[in-house]
Amino acid sequence: MQSPPGAYTVIDGRRCLYFVGTGYLGLQGHPEVIRAACEAVQKYGVHSATTRAGLGNSPPVLEAERRAAEFFGTQCAFCFASGYAGNGIMLAALNDAFDVLFVDELSHYSALEAAASTELPGHRFRHRDAGDLAEKLKRRLPPGGRPLVLSDGVFAARGSIAPLDEYVQVLQDYPEGVVLVDDAHAVGVLGTGGRGTWEYFGLAKEGLNAFGGRHFLTATMSKALGGYGGVIPASEAFLDRVKSASHWYDGASAPPAPVAAAAAKALELIQADPGLRERLGTNVQRLKTGLRQLGFAVDDTPVPIICLTIGDAVNMRRIQRELFEREIAVAYLAAYAGLGSEGALRLAVFATHTPEMIDALLDALQRIA
Ligand SMILES: Cc1ncc(COP(=O)(O)O)c(C=O)c1O
């Protein structure tokens, strides 16, 4: 890739229509986001070379946290250098709050790795299956035990949504149960305010302790938010616990000022312009409707990820190659959680695609697939 990822992206020297990756709102290449990052490089350098607990609280990092808290409607937010680390950080912070962990079997690598690294017992439940979760809770949780349920909010490859409403229902029998959602692909996209999967299900309360109590969220700013690094929105008290339970505050470099500045600007733009998400929603609908008209089985959620299995791996590689020859880029994922042995084509649609661009993809698929 030789340009910012956007509706058009330069790949191997060719300017392609780009339906790949996770820049759903097109903010990575937004001129104001790029300008904010450039100004921060000039002002603060490339990175702080110290921890947050040292002198690494640069103004852009604090601004990103302030903007994130405002966006999520929480008292505070904690930004750290890796979205991937979020699940581990959260499990460390919640360590005293649960006895047995239950994780969706197709959760992201970062969730499965974090689950494997806790010393507490853990079990996998069937993908998006609240019934299986209920069953496993009955069989695996000792009387009086406190469960923690861990899942992606939106699954990266298939674009399916975790049924958080059903999990919450199941946990009614376990008053101390906790749900932790890795909302990497939903934040900025799902929910009336773009706050992610909790909000999509109407389960994110407004106010200082939103996502506190028994519903938690970790996310990344490297997808729809157009920046880079992890973010946990929560109450101040909970974030004190987060910062002391692992060493991302006092033992890791602070997020680089330019990427924090980019994320802060992206958060500002999302809040100032709800039209961004509306355009994304319209584009998702246009692409999904068009695909259905071509005969593909496609869900009708507002998730901008579409997973297509068209014949075998050889056929899907051919489709990807022939689309690329027409200067249209889509991803073929050979191996990813839940995709099966042949893999799948993954299409991602952005707010910055025009109707003509989406129609060009549909037209090419009709000819090639
Ligand atoms: C569900 C999920 N969680 C976490 C991550 C890691 O985020 P980052 O790439 O920002 O470290 C990803 C990235 O692909 C993801 O899909």
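A crossing is left-handed if the near helix is turned anticlockwise from the far one by less than a right angle, and right-handed if clockwise. Keep that handy for the helix stops below. What you have open is a predicted model: local features need pLDDT of at least 70, side-chain atom pairs count only at pLDDT 80 or more, and totals for chains, interfaces and linings use all residues. Numbering starts from 1 along each chain, following the sequence as written.

**Stop 1: α2 on α9**

Select residues 59–72, helix α2, and residues 257–272, helix α9; helices are DSSP runs of H or I with at least four residues, strands are E runs of at least two, and both are numbered from the N terminus. Their axes come within 8 Å and cross at roughly 25 degrees. (Axes are lines fitted to C-alpha atoms, for helices over the stretch in contact, and angles run from 0 to 180 degrees between N-to-C directions.) That makes α2 roughly parallel to α9; under 35 degrees counts as roughly parallel, over 145 as roughly antiparallel, 65 to 115 as roughly perpendicular and the rest as oblique. Turn the view and you'll find that α2 passes α9 in a left-handed crossing.

Now show side chains. On the α2 side, pick P60, V61, E63, A64, R67, A68, E70 and F71; they meet residues of α9 including A257, A260 and L267. Contact here has C-beta atoms, placed from the backbone, within 7 Å. By class, this contact has 12 nonpolar, one polar and four charged residues. (Ala, Val, Leu, Ile, Met, Phe, Trp, Tyr, Cys and Pro count as nonpolar, Asp, Glu, Lys and Arg as charged, and the others, Gly among them, as polar.)

**Stop 2: α1 on α9**

Keep α9 and add residues 31–44, helix α1: these axes also come within 8 Å, crossing at roughly 145 degrees. Here the crossing is right-handed. Among the α1 residues making the contact are V33, A36 and Y44, with P258, K265 and L269 among those from α9. The classes are 14 nonpolar, no polar and three charged.

**Stop 3: α3 and α8**

Next, select 86–93 (α3) and 236–245 (α8), whose axes come within 8 Å at roughly 105 degrees. The two helices are therefore roughly perpendicular to each other. I89, A92 and A93 in α3 meet R241, V242 and A245 in α8.

**Stop 4: the ligand**

Which residues surround the ligand? Select S82, G83, Y84, H108, S110, D152, A156, D182, A184, H185, T220 and S222; near means a C-beta atom, placed from the backbone, within 6 Å. This shell has three nonpolar, seven polar and two charged residues.

**Stop 5: two domains**

Finally, colour 8–24 + 274–368 as domain 1 and 33–272 as domain 2; the bounds come from an automatic or database domain assignment. Their C-alpha centres lie 27 Å apart. The contact takes 20 residues from domain 1 and 18 from domain 2.

Conventions. Two residues are in contact if their C-beta atoms, placed from the backbone, lie within 7 Å.
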